[in-house]
Structures are given as structure tokens and as C-alpha cells.
Amino acid sequence: MATTLSTYITQVRRLLHDANANFWSNPELTDYINEARNRLVRDTGCLRRLQSSTLVIGQEVYDFSTLPLGDKTMDVININAYWGNSRIPLRYLPWTQFNAELRYWQNYIGQPVVYSMYGPTQYYIAPVPQSAYPMELDTVIMPDDLVNTTDVDQIPNPWTGPVQFYAAYMAKYKEQSYGEAELFKNEYIKHVQSVLTSTYTRRMPDPYSQAY
């Protein structure tokens, strides 16, 4: 069942024992809820989108701003480069290793095989492309803010569960009730760990692999 802003507000008010809005207004709770949704995506990567782009001949570094959802992109998880009828997944390397192994020859160009993240909004490609390869990026994006009470969250269930606890944490922290705030934050962490465990442990990585 889809979660609306109205549902979130009701959940948070129940946690705060403020059903009649005596202490927190709907606009204030809405701010906390949207911040909690952003925090949830940062912590879990639960909101992903495939985005299309094109490599530029001779260009090594690319910025998130060039992507269709560039202003909302938080991370790049995978990159596929298209070569004819083939989709080639690029290998990922940490920046230090990438820099040492693949940037030694400054004029080396060819078919890209590796990418690396540099800072929060840039990624590097190596070798530097000699052709304008189309590419597909698996990305984590920030959710759109919920504004109206009927707005439906992009984040699917069961990922929406922890949001109420982080929003309640922010409300109590603003009130300077630090003990209660810490309890809600711990509940948020507990529920995030629970949904991660129940979601990502059901897949068989390779049904044809041999046991260790």
C-alpha cells in the first residue's frame, strides 16, 4: 500500500502523542518527514533509477549535473557502456587505485572498462573514450518532497517504515528533549537494519556456483 504524506503525519503524531497538533504543526512535521526520507535514501540507497547518458570523445571526468536527474542524483552504483549490440558493465575501482593504474598514460584512449567516483558529484572513466559510447547508469536519487497531504511517496514499502522514527527524532531534538530524541533515533537505526536484513538476504547470487 502506497504511503502518503497524510499517513506519515499520522504516524509521527502518534509517536509524539500529539494527535491534536498542540505542539507541532503539519508544515513543521512535513519538513521533518521530508528530511527523514532524504536521510533514509542516503543510508540505504533504496530509491534507484536507471539514467541514460553518452560518453564524450576524449573526456575523462563527468559530473552528475549532466544526467537527466542530475540535481537529484546522490550516487552512481553501476555503469554500462553500449558497444554495438553489447552492454558492457564497467568495473569499479577506488580512486587511489584507479589513479595509480589507469591514469599513468595521459594520451591513452580506447574502449572504457573502469570507472571511479571522485568526490560527491563526479565520476571518472578509463580509458578515455575514443568514441561517443551511450551509457546506462544505475543511480541513487533523492526523493521529491511531499507537499500535499495526498502526495504519494516514491519510496516503496517496506522502506517507508523507518521514516516516522527519524521525523520524531528531529521533532524531539528541536524541543530539546534529547533523551527521547535519542530513543527515536535508535528506533530509526533498528528499523533500517531490519528492513535491510529482510530485503537483501533472499537472493541467491548464482544458482550455478559451487559451495565453498
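Below are a few exercises on this predicted model, each with a worked solution.

Some ground rules: residues are numbered from 1 along each chain as its sequence is written, and side-chain values use heavy atoms, with hydrogens and water left out. Because the model is predicted, local features need pLDDT of at least 70 and side-chain atom pairs count only at pLDDT 80 or more, while totals for chains, interfaces and linings use all residues.

**Exercise 1. Work out the strand order of the four-stranded open sheet, and say which strands stand at its edges.**

Step 1. Helices (H or I, at least four residues) and strands (E, at least two) are DSSP runs, numbered from the N terminus. Two strands pair if DSSP finds at least two bridges between them.

Step 2. β7 (residues 114-118) and β8 (residues 122-126) pair in the antiparallel sense over five bridges. β2 and β8 are also antiparallel, over three bridges.

Step 3. The full order reads β2-β8-β7-β5, with mixed pairing. β2 (61-63) and β5 (91-92) each have a single partner strand, so they stand at the edges with one side left without a neighbour in the sheet.

**Exercise 2. Take a walk along β8 and find the residues opposite Gln-122 and Tyr-123.**

Step 1. Gln-122 has Tyr-118 opposite.

Step 2. Tyr-123 faces Met-117, and Tyr-123 is also the bridge partner of Tyr-62.

Step 3. Now look at the turn: β7 and β8 form a hairpin with three residues between them, and Gly-119 there has a positive phi of about 75°.

Step 4. As for cover, four of the five residues of β8 are buried (under 20% relative accessible area; exposed is over 50% and partly exposed in between, with a 1.4 Å probe and protein chains only). Helix α3 (residues 95-102) lies across β5, β7 and β8, at about 130° to β7. That angle is taken between N-to-C directions, from 0 to 180 degrees, with axes fitted to C-alpha atoms, for helices over the stretch in contact (heavy atoms within 4.5 Å).

**Exercise 3. Describe the largest nonpolar core and where its residues come from.**

Step 1. A nonpolar core is a set of buried Ala, Val, Leu, Ile, Met, Phe, Trp, Tyr and Cys residues joined through side-chain atoms within 4.5 Å. The largest one here has 31 residues, and Val-12, Leu-16, Leu-29, Ile-33 and Leu-40 have the most contacts inside it.

Step 2. At least two residues each come from α1 (5-16), α2 (26-44), β10 (134-141), α4 (163-174) and α5 (178-200). The largest share, seven residues, belongs to α4.

Step 3. Zoom in on Ile-33: not counting residues up to four places away in sequence, Ile-33 touches Leu-5, Tyr-8, Ile-9, Val-12, Val-163 and Ala-167. Apart from this core lies another, of 15 residues, among them Leu-55, Tyr-62, Val-76 and Leu-137.

**Exercise 4. Compare the span of α2 with the expected one.**

Step 1. The expected span is 1.5 Å times one less than the number of residues. With 19 residues, that gives 27 Å for α2.

Step 2. From first C-alpha to last, α2 reaches 26 Å, close to the expected value. Just after α2, Gly-45 takes a positive phi of about 65°.

**Exercise 5. Is Thr-4 buried or exposed, and what does its side chain contact?**

Step 1. Thr-4 lies in the segment before α1 and is buried, at 18% relative accessible area.

Step 2. The Thr-4 side chain makes a polar contact with the side chain of Thr-7 (3.0 Å). A polar contact is a pair of N or O atoms within 3.5 Å; within protein, one must be able to donate a hydrogen and the other to accept it, and residues adjacent in sequence count only if both atoms are side-chain atoms.
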